[in-house]
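Open the model in your viewer and keep the sequence panel beside it. The stops below say what to select and what is there.

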Amino acid sequence: MRTDTGQVFRLEDYRPSDYLIPKTDLTFRLHPEATVVTAELTVVRREGTQARTPLILDGDGLVLQRIEIDGVALAVSEYVATPEQLTISSPPVAGEFRLVVETLVSPSTNSALMGLYRTSGVYCTQCEAEGFRRITYFLDRPDVLSIYTVRLEALKSEAPLLLSNGNREETGKLKGGWHYAIWHDPFPKPSYLFALVAGDLGFMADEFVTASGRKVDLGIYVEHGKERLAGYAMDALKRSMKWDEEVYGREYDLDIFNIVAVSDFNMGAMENKGLNIFNDKYVLADENTATDADFANIEAIIAHEYFHNWTGNRITCRDWFQLCLKEGLTVFRDHEFSADQRSRPVKRIAEVRTLRSHQFPEDQGPLAHPVRPRRYREINNFYTATVYEKGSEVVRMIRTILGADDFRRGMDLYFERHDGEAATIEDFLKVFEDVSGRDLSQFALWYHQAGTPNVTVSTSYNAAAREFVVEIEQSVPATPSEARKRLMHIPLAFGLVGRDGKDMAYEGPDGATVENGVIHLKKRRHVVRFGNIAQRPALSINRGFSAPVTLSVEQRKEDRFFLARHDSDAFSRWQAYNTLLTDALISASRKGLGGKTPEFPEKLVELAGAIAGDETLEHAFRALALALPGEADIAREIGKNIDPDVIFASRQVLAETIARSNEDALRSLYGSLAFKGRFSPDAASAGRRALRNTLLDYLAILPGGVALAHAHFAKATNMTDRAAALAVLTHRHPRAHETIDALKTFERRFRSDQLVMDKWLTIQATAPGAATLDKVRALTEYAGFTMHNPNRVRALIGAFATANQTAFNRPDGAGYEFFARAVLEIEPRNPQLAARLATALRSWRSLEPGRREKAREALLLISRQDGLSPDLRDIVERTLA
Ligand code: B3K
Ligand code: ZN
């Protein structure tokens with residue numbers, strides 16, 4: 001494990017490297033414990049760098065075996081090699097030189113899953129952000145682009161398959177049962193995009209013909225016997241390739257595109273040039289093992305990594321502060337892809353729910369940072385919801401402000417101007433300013449300033465003057481190390497909804513403030529006057545969630561009810577109903593503190609039934625509307641002194657009330673949604689299943705609910721229905737013998753499939769109530785569980801900490817303590833995973849005082865541990881600060 005130097009990296013300290021490495025030739029002689037890596041680097045001094053400037057290469061835990069320049073071994077006085085650095089004190093002065101560096105690495109003992117490691121007998125790599133330096137000494141920074149040629153040598157029996165980036169140029173036999181392959185990638189790339197895979201894998205092959213008629217060989221490599229499970233991923237890949245041609249005019253640029261699925265991976269996937277490496281969870285799927293949510297994730301992640309080929313690989317980041325340049329933009333692209341492949345409004349609602357549940361708490365807590373951070377101690381801790389999801393929202397706002405045509409012209413210019421370069425956010429914004437003639441300097445604050453802006457809105461109508469007035473105010477709350485904030489440019493899409501449900505025409509506001517259905521909030525306070533309005537409209541604002549803000553609209557309840565049924569913007573319709581539910585749950589939770597059973601307005605409860613049965617709405621939309629705001633969502637809205645038990649109780653009562661009052665309608669709808677045909681993962685079929693499973697969750701509360709859920713489980717013909725029923729049983733009726741039976745049946749059937757068993761772990765870990773902690777503890781002893789595999793850890797420990805409000809936040813603090821010890825157990829092997837997990841404690845300050853103190857103790861337990869990795873220390877110290 002790396003030692004913590006406490007060093008902080010600052011954006012303002014950026015300067016180009018003194019040397020460049022235009023060519024990188026690597027040879028790997030693969031061995032589980034002793035892989036010899038020979039790097040032959042063509043090095044040149046950058047223009048302007050003084051002669052005899054030392055060449056300093058990055059390393060991480062490396063052991064130098066050999067070093068030569070231009071064929072001559074260096075004398076010990078000519079260099080200093082530590083595990084972290086290789087310094088050549090005075091490199092050759094004239095022209096370029098060939099530096100040969102040999103290092104020895106041990107893939108099978110590399111448990112951090114960064115650099116070169118082994119997973120189920122397969123050699124693979126993960127280099128982003130700074131993993132390449134665990135393989136060889138290098139200028140391991142994204143602005144050093146190099147052309148790679150890679151020779152892989154391995155024992156053929158151990159690794160018949162040898163893959164790297166680019167195109168395969170040569171293969172051949174070597175003595176002693178060894179063989180080799182040579183790969184060449186003609187596109188200059190930063191070291192973080194380097195990859196190799198070697199092992200014995202099965203594969204699915206296909207091909208894609210690009211718009212200009214070039215044939216690309218596609219391959220998805222998986223464990224033998226699982227080839228069939230790669231079909232959906234392959235289909236998603238081909239659809240992504242086509243979409244990027246149609247929507248962005250971007251063609252694929254190599255003759256080969258390979259994807260490899262591995263079972264030990266710290267995140268979702270990695271966009272290495274021409275050789276994407278995936279967590280197998282995001283590749284393998286069929287109806288028996290994957291849920292509709294898994295299918296949707298596979299589609300989105302396959303697309304995301306593929307889209308990186310242009311946004312990330314062809315144009316990369318100058319430095320890691322610019323991470324959102326590739327991530328935010330690529331998330332935006334994959335969101336739009338999924339919206340086009342599925343239902344746009346449903347996709348948007350799902351995105352906003354994710355943003356609110358993942359990014360808002362980050363932005364509103366101790367780990368808040370700008371979309372483009374200015375400092376970091378450990379870059380791996382900045383692959384955050386803010387960089388990714390809020391980063392995507394910022395790109396979406398650029399499109400809202402410019403309009404679709406100028407946005408596309410801007411993207412075209414971006415590709416034209418910066419192809420082959422390592423760019424910055426300033427470069428990105430500039431192309432949009434250039435094509436549109438707009439000044440985006442105030443808008444740029446979205447990249448520079450942390451925190452979720454608050455926007456408050458009130459309206460008034462003057463019948464005599466036929467005027468509707470909207471008053472809007474913005475404020476940006478202080479965040480760690482940024483006390484004073486500047487005013488932002490916030491684009492708010494809106495409509496004035498008339499009594500017929502149609503948007504009303506208006507006269508008045510100046511074109512700078514209101515343009516194409518968008519109010520541009522740029523000052524602290526705007527008063528927008530709409531003239532020639534015959535009747536008081538209902539204001540629908542932040543349509544489509546055009547700006548990632550916390551919005552509070554002073555609005556009559558009737559208006560919200562009206563918008564929930566009639567707004568022409570489907571997102572806003574969902575939002576109106578969701579706000580009604582959230583408000584009711586907050587007020588019930590407040591009253592609940594007095595020990596009484598909360599009551600909910602009849603109209604709200606009836607509306608649930610009306611939405612459920614509204615045949616003009618998509619099934620998936622209805623499912624999303626009926627799903628009550630989560631406990632964490634309610635907690636976030638309440639903001640302080642949170643008692644998760646009270647929130648849980650209010651939410652239970654509301655669910656029961658909705659189920660009881662709408663029983664007949666929900667039952668008959670549930671019955672009508674049963675389907676006997678062939679399984680299809682398409683969005684419409686998934687929507688039907690989602691609605692039926694949401695209804696089951698309500699009906700399971702009523703008498704006969706256990707039997708109904710058990711029958712749903714027993715008759716399920718796909719994993720979506722099976723897992724949904726198992727969750728309903730486990731969460732609503734944990735002690736029923738039907739539940740115990742279903743959990744056993746599931747385990748017996750799927751115990752040899754670890755990805756499926758992850759669902760079984762998660763369902764149990766998220767069962768509400770204090771008793772779940774003991775269950776989770778017991779499950780850590782389950783034969784199929786190991787703290788060594790990231791997917792297992794996330795399925796059990798991660799789910800417990802992030803998706804079980806009542807058990808994790810037990811008032812006695814036992815949930816926190818268990819969690820802190822688990823984090824400490826994981827950290828020595830895999831600091832990145834431990835650090836990511838630990839962020840689950842970030843909202844500790846908003847808890848009620850008793851739990852707050854217990855959560856703090858757990859954080860202190862972690863921080864007092866000697867020799868913590870920089871990854872975990874960084875998270876824990878910022879969380880406690
Ligand atoms: N770029 C990778 C993430 C790398 C994370 C490094 N800690 C996957 C992605 O965003 O596409
Ligand atoms: Zn990405």
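Start with the zinc ion (ligand 2): its donors are NE2 of His304, NE2 of His308 and OE of Glu327, at 1.9 to 2.1 Å. Keep in mind throughout that this is a predicted model. Along the chain, the donors of the zinc ion follow the spacing H-x3-H-x18-E. Colour the helices next: histidine 304 belongs to helix α2 and glutamate 327 to helix α3, so the pair ties together parts that are 23 residues apart in sequence. Are histidine 304 and glutamate 327 buried or exposed? Both histidine 304 and glutamate 327 are buried.

**Ligand 1**

Stay on histidine 304 and bring ligand 1 into view. A polar atom in the side chain of histidine 304 is 3.1 Å from an oxygen atom of ligand 1. Select glutamate 305: an N or O atom of its side chain lies 2.7 Å from an oxygen atom of ligand 1. Then select tyrosine 388, where a polar side-chain atom is 2.5 Å from an oxygen atom of ligand 1. Switch on the surface: ligand 1 taken alone exposes 340 Å², and the protein buries 95% of that.

Now show the whole shell. Ligand 1 is surrounded by 14 residues, and the closest are Glu128, Glu271, Glu305, Asn380 and Tyr388. By class, the shell holds five nonpolar, four polar and five charged residues. Which elements each supply at least two residues of this shell? They are β20 (269–270), α2 (292–307) and α3 (323–341).

**The cis peptide bond**

Select glutamate 128, one of the closest residues to ligand 1. The peptide bond from glutamate 128 to alanine 129 is cis, with omega near 0 degrees. Most peptide bonds are trans, so a cis bond is worth a look. Alanine 129 sits in the loop between β11 (122–126) and β12 (146–155).

**The sheet that contains β20**

Follow β20 away from ligand 1. An open sheet of five strands runs in the order β17-β18-β19-β21-β20, with mixed pairing. Its edge strands are β17 (202–209) and β20, each of which pairs on one side only. β20 runs antiparallel to strand β21 (residues 275–279), and two bridges join them. To find the register, select alanine 269, which stands opposite phenylalanine 278 in β21.

**Strand β5 and its partners**

Select strand β5 (residues 64–69). β5 pairs with strand β9 (residues 97–105) in the antiparallel sense over five bridges. Isoleucine 69 has leucine 99 in β9 as its bridge partner. β5 also pairs with strand β6 (residues 72–73), antiparallel over two bridges, and glutamate 68 stands opposite alanine 73 in β6. β5 and β6 form a hairpin with two residues between them, and aspartate 70 in the turn has a positive phi of about 45 degrees.

**Two more positive phi values**

Most residues other than glycine have a negative phi. Select serine 120, in the loop between β10 (115–119) and β11; its phi is positive, near 45 degrees. Serine 120 is exposed, with a relative accessible area of 57%.

End the tour at asparagine 516, in the loop between β28 (514–515) and β29 (518–521). Asparagine 516 is not a glycine, yet its phi is positive, about 45 degrees. Is asparagine 516 buried or exposed? Asparagine 516 is exposed, with a relative accessible area of 75%.

Methods
Residues are numbered from 1 along each chain as its sequence is written. Chains are lettered from A and ligands numbered from 1 in the order in which they are written. This is a predicted model: local features need pLDDT of at least 70, side-chain atom pairs count only at pLDDT 80 or more; totals for chains, interfaces and linings use all residues. Side-chain values use heavy atoms; hydrogens and water are left out. A residue is near a molecule or strand if one of its heavy atoms lies within 4 Å of it. A polar contact is a pair of N or O atoms within 3.5 Å; within protein, one must be able to donate a hydrogen and the other to accept it, and residues adjacent in sequence count only if both atoms are side-chain atoms. Accessible areas come from the Shrake-Rupley method with a 1.4 Å probe; for residues, only the protein chains shown count as cover. Helices (H or I, at least four residues) and strands (E, at least two) are DSSP runs, numbered from the N terminus. Ala, Val, Leu, Ile, Met, Phe, Trp, Tyr, Cys and Pro count as nonpolar, Asp, Glu, Lys and Arg as charged, and the others, Gly among them, as polar. Donors are N, O and S atoms within 2.8 Å of the metal (3.2 Å for Na, K and Ca); water is not among the atoms, so sites may look incomplete. Buried means under 20% relative accessible area, exposed over 50%, partly exposed in between (1.4 Å probe, protein chains only). Two strands pair if DSSP finds at least two bridges between them.
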